[in-house]
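Thank you all for making the time this morning. I would like to walk you through one structure, going from a single side chain outwards, and I will put it on the screen now.

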Amino acid sequence: MVLAAAVAAVFPTAVSSSLAVSETFTVPPSGSFTVEMRGIGHGHGMSQYGAQGAARAGKTYPQILAFYYAGTTLTTLPASWIRVGLSGFGATTTVAAEARLTVAGVSGELPTSGVSRYRLVADSGSGLTLQQLKAAAGSRWTTYRSGLSNRTSFYRATYPIRLFTGDGASYRYFGTLRAIRTAATGSAGGVYTVNRVSIDHYTAGVVPREMPTSWPAAAVNAQAVAARSYGRYAVEHPQSSEYDICDTSQCQVYGGRAYVSASGVRQISEYAPAADNTANQVLTYRGSTIFAQFGASDGGWTVYGGQPYLKATADPYDTAAIDPYITYTKVMRAAAVARYYHLATITKIEITQRDGNGAWRGRVLAGYVNGIDSVHKAQRIATTGFGLEDAFGVGTTWFRLLPS
């Protein structure tokens, strides 16, 4: 069912725009000034604080999604899989020796009595070697089976596999854990690990890493659909031939079933209720899964994201009552900005273009930094809102400058 039409009629939308402005901020003699900000992140798609506000206002998760992803359809797909490239696990795929553990190319379950761990490592040729570590103190890794093919996987039926990091911590993952060589031949470089997992288990492993699960259920369910849609879009537009998506904030953060610290403290890192409540649901636009971007706070106005369903629109749900990023500040030293632009000192910052949406005439698009370089020559350096965001070390282009 298409849900966006009724919601969009209530809240006016706008395409990407820009507004020429003339704002000149002279750096005070103290050498410091205040950056006052709204929102954090790119502002595309769903605001997570806004979703919380909408849920508190009584909106259902389909209504929340319809507002932030205009014109989309909530669609239930057949069960599917996603391949996640895992980070932080070193150059081997090392797992706990647990019941029902199998590995492709080796018949039967792997022995667990008196065994602590198994790992897949790159061999000297073009394949992999399975090694075993006994549980007895002082044991060393020994070869259990050689000559396995590249991309060999561990599997544990319906149970999660415990995968170890280099520092002794571990994560539990459903599905399979595949070892993939980083070089065509030779053991140098080792392997990296890919988790092939159902899209719903993946969603459950993303949700609590991206939104507090204590928030209203409608907001958390909306996050689940957005996360699943983001993942499904990656399946349809994979990052590489070996995996669809990464597990860090460069994509969306995924933590598997659970995390166990090196000292043995176990933390659940999935939230199954939201995944179950929205099982296999994604957002589509004209029959294709959308690029469901989301962020912590849009500051009260979303940003056009280059897609017809990622519109720039006033957000009545992302308010100061629930969002600490509606208005906040940072004291900035002019010397740090000067270093960023390779100047000895800066004298003033000009803002020449904003997007025209919301307070202060919206987010900064373009401007200039004026100062003196290392050979005492005056400079006027063209910059962008993103450049100034980076120079200030903040997370938004929606800002204004004030004396400290």
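**A glutamine and its surroundings**

Let me begin with Gln252, which, leaving out residues up to four places away in sequence, touches Tyr202, Val206, Glu210, Ala227, Tyr230, Gly231, Ile245, Cys246, Asp247 and Phe294. Please keep in mind throughout that this is a predicted model, and that the distances and angles I quote are computed from it.

Where does Gln252 sit along the chain? It is placed in the loop between strand E17, residues 245-246, and strand E18, residues 258-260. Although it belongs to a loop, Gln252 has a relative accessibility of 1%, and because buried means under 20%, Gln252 counts as buried. Its side chain also has a polar partner, since a polar atom of that side chain lies 2.8 Å from the backbone oxygen of Ala227.

Cys246, which I listed among the contacts of Gln252, brings us to the disulfide, and a search of the whole structure finds 1 of these. It joins Cys246 to Cys251, with the two sulfur atoms 2.1 Å apart. For anyone who wants the general point, a disulfide is a covalent bond between the sulfur atoms of two cysteines. Here the link between Cys246 and Cys251 is right-handed, with 120° about the S-S bond, and both Cys246 and Cys251 are buried.

Now let us turn to the two helices beside this loop's contacts. Helix H4, residues 199-210, and helix H5, residues 217-236, pack with their axes 9 Å apart and at an angle of about 125°, and H4 and H5 are therefore oblique to each other. H4 passes H5 in a right-handed crossing. From H4, the residues that meet H5 include Tyr202, Val206 and Glu210, while those on the H5 side include Gln223, Ala227 and Gly231. Several of these names have come up already, for Tyr202, Val206, Glu210, Ala227 and Gly231 are among the residues that Gln252 touches.

A second glutamine, Gln48, is found in helix H2, residues 48-56. Is Gln48 buried or exposed? At 8% relative accessibility, Gln48 counts as buried. Leaving aside neighbours within four places in sequence, Gln48 is in contact with Glu210, Met211, Trp215, Gln223, Phe294, Gly295 and Ala296. Glu210 and Phe294 are also on the contact list of Gln252.

Let me move on to helix H8, residues 385-392, where 6 of the 8 residues are buried, so H8 is largely enclosed by the rest of the structure. The buried residues are Gly385, Gly387, Leu388, Glu389, Ala391 and Phe392. At the N-terminal end, Thr384 caps H8, with a side-chain oxygen 3.3 Å from the backbone nitrogen of Phe386, and after the helix comes Gly393, whose phi is positive, near 70°.

For contrast, consider Ser126, in the loop between strand E9, residues 115-122, and strand E10, residues 128-134. Ser126 is partly exposed, with a relative accessible area of 49%, and beyond four places in sequence it is in contact with Asn150, Arg181, Ala184 and Thr185.

I will finish with the protein as a whole, which comes to 8 helices and 28 strands. Of its 404 residues, 52% are buried, and the C-alpha atoms fill a box of roughly 70 × 60 × 35 Å along the principal axes. Among contacts between residues at least 6 apart in sequence, 67% join residues at least 24 apart.

Note on methods. Residues are numbered from 1 along each chain as its sequence is written. This is a predicted model: local features need pLDDT of at least 70, side-chain atom pairs count only at pLDDT 80 or more; totals for chains, interfaces and linings use all residues. Side-chain values use heavy atoms; hydrogens and water are left out. Helices (H or I, at least four residues) and strands (E, at least two) are DSSP runs, numbered from the N terminus. Buried means under 20% relative accessible area, exposed over 50%, partly exposed in between (1.4 Å probe, protein chains only). A polar contact is a pair of N or O atoms within 3.5 Å; within protein, one must be able to donate a hydrogen and the other to accept it, and residues adjacent in sequence count only if both atoms are side-chain atoms. Contact means heavy atoms within 4.5 Å. A disulfide is a pair of cysteine sulfur atoms within 2.5 Å. Axes are lines fitted to C-alpha atoms, for helices over the stretch in contact, and angles run from 0 to 180 degrees between N-to-C directions. Angles under 35 degrees count as roughly parallel, over 145 as roughly antiparallel, 65 to 115 as roughly perpendicular and the rest as oblique. A crossing is left-handed if the near helix is turned anticlockwise from the far one by less than a right angle, and right-handed if clockwise.
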